[in-house]
Each structure stands twice: as C-alpha cells, then as structure tokens.
Amino acid sequence: MATPRMMTRTLATFYVFAAVAGLLAALDPGFPERFRWAMVALSASVLTCAGIAVRWGPRWPRNAFHLAVGSASALIVVAILVSPDPATAVGAATLMSFIAVDACFFFSLPLAWAHMVFAVGGMVTALVLQGDVPTFIAVALAPIIIALGTVTRGLVIRASSASRDPLTGLANRRGFDDSLQELLTTTARTGERLSAVLLDLDHFKQVNDARGHEAGDQVLCRVADVWQHELPAGAVFARQGGDEFALLLPGLRGAEGLALVRRIVALHPEISMSCGVAEHQAGETAAQLMRRADRALYDAKAAGRGRCELDGGVACQLALDLVAALTAGDVHVHVQPIADTADGTVVGVEALARWTHPELGAVPPEEFIAVAEQNGLVAALDAHVVRTACAQLAGVRTARGEQLTVGVNVSGRELTDPHYPARLQALLRETGFPAEHLVLEVTETLVEADSSTAVEALHLLRATGLKVAIDDFGTGYSSLSRLDTLPADVIKLDRSLVATIDSSPRRRQMVGSLAAMCRALGLDVTAEGVETAGQAQVLAAIGCTFSQGWFHGRPVPIAELLASSAVLPATGAPAR
C-alpha cells in the first residue's frame, strides 16, 4: 500500500519508540539488575535497526520489509521472554500493536494477516512461557492488537483514496505532487540524485475513438501494471490525468533515468509512449523540474513520437548537427531588403541565418541560435554569416549606384569577447567589404546591461567606420533618456510599434515624435514589420528613414536578391 520511503519512515519511527520504551524501563530503579543490561542491549539493537532503515530503507525492494517486520516481531517476543515481571512482559507485548499497524499499512490484506498471526501467536506463546502472566490476559491482547491493525488499515485506505487514481490505483496528480515535494526536501538534505519523467501515450485518442473508452481504460491499466512491475523500489509512478503519466526516480541521474525508461519502452513495444526526462538541479523548484521534463517530452514528440529524450538531449544532438552543417556549409544566409522610405529604393539588407536539417526540416532560427549560444558555437555561426554576406555582397550596388549596406546580428556573447573586434575587422579585410556599409545589430538590453566590455567593443568598432543599430527598440525596458548616450547610429523600431500605425492616430503621433527626437540626435530610424502600403506611407510621412518588412520583400537567398532588379551586381552591369 505504502511507498518504500513511507514504509521506511514508519518502520524507523516505531523502532525508535520501542527502543526508547525499553531504555526507560531499564533505567527505572525498580528494574531487576540482572535483566537491566539485557534490556539495554536489546534497545540498542532496535535503535541500530532504526538507523539501518533510515539509511538504506528507501532503496530496499518491497519484499525486504517482510524481513524487517518479521524480525521486529521476533525482537518483541525476546523482550517478553526476558521481562523480569508480568507488568514488564505485558508492556513489551503491547508493542505488537506496532507490528499490526506496520503489516496492515505495508502489505496486501492476506500478507498483513499472515504477519499478524505470526506476531500475535509468538506474543501469546511468549507470555504463557513467561509464566507469571495469566493466560486470559495473553489471549485477550490478541484480538485487541488485530483489531487495531485492521482499523488502521481502513483509515489509511480511506485517507489515501484522495491521492489515488481510481482507475489504475496509481498516485494521482495530488499524490505525485506530495511525493515530489517530499523527495525534494530529502534531496536538499542528503544531496541524493533525483530524476523526473513525463510519459504520454502515442495516438491514445485513436484507441478511444476506434474501440471505445473501455478499451482505452484497459490500455491505461496495462501501462500501470507494466511499469509498476519494471520500476525499481522507491520509484513513484502516477497518472496525471487522461493518457499522461509521471514518474519520479530517486537516486538516479538523468542519463540513468533515460536508460531505464528506454529499456522499459523497448520491452513493451505494444505500448507506444513518448517520454521526457529531466534531472533535478540544486536549488530548482518542483515546477521548474517538471517544466524541463515537459520540454523534453515535447522534444520527444517533435522528433517523431515513440521516443524518450533527456532535457537538453535533443539540443545536444542538434548542436552536433549544427557543427556538421557549419563545417559543410549547409547553414545558408538569406537577406531581407531594407528600403528608403522616401522612394522605396532598396538601400540595404539584413543578413539572416537559415538552416534546413536533413531529418527535422527547417529549424527555427531562435532554436538553433539558442543551441549555438549554449554550446559555444555562436562565434562560428556569426563569423559564417558575416563572411558569407560580405563576400557575396561586396561591390553590389543599390539602384542609386551606392554600395549596398548589410546588417548583421551580433550575439552578446560575441560582444563581451575582447577578441571580437579584431576578428570582425579581419573578416572585413578578407572579404573586401567596406566597413562603413556594415551595420551591427544589437538588442538594447545588451547595451543597457552595463557590460563595459560590450560597450567598449561597440565604441571601438564605430571608430573604424562600422555602424551600430539598436534592434527591437520599443520593447522591454527602452529608455528615451539614454538615446543620446547609446553607442548607436540607427534605431530599429520593433514591429509592435508599427502594426497599428496606419489605424491608430495616437500610435502615429508617438512614433512620429520618437522619429523626430532620433533625427535631432543624428540617429537614423528603421521601422521593422512593415507589411502594407498604408504603413509604408505613414512611416514616410512622419519621417522614418528606412523600413523593413514583407511589404518590401521576405528573406531570400543572396543569389535571388542578386538576380532581381533591386540591386546592381558588382560588375557594374544591371541585374537581370
């Protein structure tokens, strides 16, 4: 009925109180001297058993508790036999109530009754052999102790039903949350490892739709039976609701938990499940741990279902694939036009990395850029984008005959590297791209972070002719008070400021005032997210310098831009 951890706690508590009772009896001045040291030794052995249970009990298999409860019964029988008088013998016999409670709390009803018959039978026999205890007292104690155990069992079952799933008999969400909090407390105290797993049946809805809910219930019960049989002692398996299950694996690292669930899934291929595993990190809350397990489950489903993934596991594999793609030149650079609002002429482009994974397909930029930053690949990725864009666009002119300006995003990790300015200048020399037509796009939060290294790098690069654009201005903690001190040449207004500019007079007035302020400070203003002719017209009217968005063109491969009429190729001949 109880988990090994709860069984350990209950058993150890009873051991301690039994030992204390024995020691108190031995310390009584009226206790016969010839029995005193025997009682002290017996109590010490019981305390030792309590310590063993606390230390190793949570890892014991359930069957080991039969030995623990049986040996406790034997110790009480010995205590009765060595008691110096009838009162002490009866007092020791009452400790059998602990055995009755343990048996009814730990085991199924038939096994609980077997333990109680063994314990009560030994108790009655020892009392009779003791000689001074009336037989009727020995016999009368038996039903009292059995009744106490039986009633305790009923109360425990009633109380635990609130934390149990009625269909599978597993812990429900409430029971799982209680167990998780308990294990986190233990982990914080002992440093023990803990892994959490979220499991989800694949295509379960199809089972319900095709075969009915009764068949679906049978599948859920089958999952409960299979996993409970395969899981180690101490594991907590719960049904969260619907076809979702959760698992706690105390003592196991994330990789070990992943190996375990993969083995169980492989043993039962008839039950298709996706699993996400996360290892608890020091100081992490229950919600944070389960959020990472949920993310791992999402990764498993996104990778094709029927898979088990460790939090960070897909990302780690993605990092290896990204390294291979960068080495092979399979990360491509697309460019999105940036137009002069006065006449719509394309005067520049923003270079954007794009990656199509051979198995996963197009990987969202925010996903593989995050992987690059987390795995030390961002320098290689940034260098690839800059080298590719600058090499292919050096000498390419706008329709006005000017060198096309190129904007590239730079990571905060790069800017805080003191060697970044030298690396970037080396790339410009390598590609022959003029520094005054390269724009580094950084987020305002990076500049606001008071990183002296990053700000110093921006000042140094601007001194060599490069321009700096503050990207996504208008979101987060934008500060107008710092417009005059930001190491920037261009302010790029976030798309959220542009979305309603042609329908909201107040938004138009606000953006117009901001543009006027920037112009007065010598800053150009680029509006992002321009999707309609109406937005473009308003931006031109209020004085924004440049605009960028789908209205002027979506991101395209560099070759496609060069083949368009928007630019003139480096040879000087008009683009076809």
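## A salt bridge between arginine 295 and aspartate 311

Arginine 295 and aspartate 311 are joined through their side chains by a salt bridge, with a nitrogen-to-oxygen distance of 3.1 Å. This pair connects distant parts of the chain, since arginine 295 belongs to helix H12 (residues 286-302) and aspartate 311 to the loop between strand E5 (308-310) and helix H13 (313-328). The two partners are 16 residues apart. The structure described here is a predicted model.

The two residues may also be described by their accessibility. Arginine 295 is partly exposed, because its relative accessible area is 46%, a value that lies between the limits of 20% and 50%. Aspartate 311 counts as buried, because its relative accessibility is 18% and the limit for a buried residue is under 20%. Both residues also take part in a network of salt bridges that links Glu284, Arg292, Arg295 and Asp311.

## Other salt bridges

Side chains of opposite charge can pair when their charged atoms come close. The model contains 18 salt bridges. One of them joins glutamate 270 to arginine 222, with the closest N and O atoms 3.2 Å apart. This pair, too, links distant parts of the chain: glutamate 270 sits in the loop between helix H11 (254-267) and strand E4 (273-279), whereas arginine 222 sits in helix H10 (residues 213-230), and 48 residues separate them. Glutamate 270 counts as exposed, because its relative accessibility is 51%. Arginine 222 is partly exposed, with a relative accessible area of 41%.

A further salt bridge is formed by the side chains of arginine 423 and glutamate 414, at 2.8 Å from N to O. Glutamate 414 is buried, because its relative accessibility is 4%. Its partner, arginine 423, is partly exposed, with a relative accessible area of 33%.

## The nonpolar cores

The largest nonpolar core of the model has 73 residues. Within this core, the residues with the most contacts are Leu393, Val406, Leu438, Leu440 and Leu493. Helix H15 (residues 378-393) supplies the largest share of the core, with 6 residues. A second core, separate from the other, has 42 residues, among them Val77, Ala92, Met116 and Met123.

Leucine 493 illustrates the surroundings of a residue in the largest core. When its neighbours within four places in sequence are left aside, leucine 493 is in contact with Phe473, Val511, Leu514, Val525, Thr526, Ala527, Glu528 and Cys544.

## Alanine 92 and helix H5

Alanine 92, which is included in the second core, is found in helix H4 (residues 86-94). This residue is buried, because its relative accessible area is 10%. Leaving aside neighbours within four places in sequence, the contacts of alanine 92 are Ile76, Ala79, Ile80 and Ser83. Alanine 92 and leucine 11 are 81 residues apart in sequence, and their C-alpha atoms are 17 Å apart in space.

Helix H5 (residues 96-106) is mostly covered, for 10 of its 11 residues are buried. The buried residues of H5 are Met96, Ser97, Ile99, Ala100, Val101, Asp102, Ala103, Cys104, Phe105 and Phe106.

## A nonpolar patch on the surface

Nonpolar residues are also found on the surface, where Val16, Val20, Leu24 and Leu47 form a patch. Together these residues have about 310 Å² of accessible area. Helix H1 (residues 4-27) provides the largest share of the patch, namely 3 residues. Leucine 47, in contrast to a buried residue, is partly exposed, because its relative accessible area is 37%. This leucine 47 lies in helix H2 (residues 33-56).

## Backbone geometry at aspartate 472

Most residues other than glycine have a negative phi. Aspartate 472 has a phi near 55 degrees, which is a positive value in a residue other than glycine. Aspartate 472 is located in strand E12 (residues 467-473). It is partly exposed, with a relative accessible area of 28%.

## Confidence in the model

The chain has a mean pLDDT of 85, and 92% of its residues reach 70 or more. Over residues 572-576, however, the pLDDT is below 50. Beyond near neighbours in sequence, this stretch has 12 contacts in the model.

Key:
Residues numbered from 1 in each chain as written. Predicted model: local features only at pLDDT ≥ 70, side-chain atom pairs only at ≥ 80, totals over all residues. Heavy atoms only, no water. Helix = DSSP H or I, 4+ residues; strand = E, 2+ residues; numbered from the N terminus. Buried < 20%, exposed > 50% of the residue type's maximum accessible area, 1.4 Å probe, protein only. Contact = heavy atoms within 4.5 Å. Patch = residues over 30% accessible without salt bridge, like charges linked within 9 Å, V, L, I, M, F, W, Y side chains within 5 Å. Areas by Shrake-Rupley, 256 points an atom, 1.4 Å probe, with all protein chains shown as cover. Salt bridge = Lys/Arg side-chain N within 4 Å of Asp/Glu carboxyl O. pLDDT = per-residue confidence, 0-100. Core = buried A, V, L, I, M, F, W, Y, C linked by side-chain atoms within 4.5 Å.
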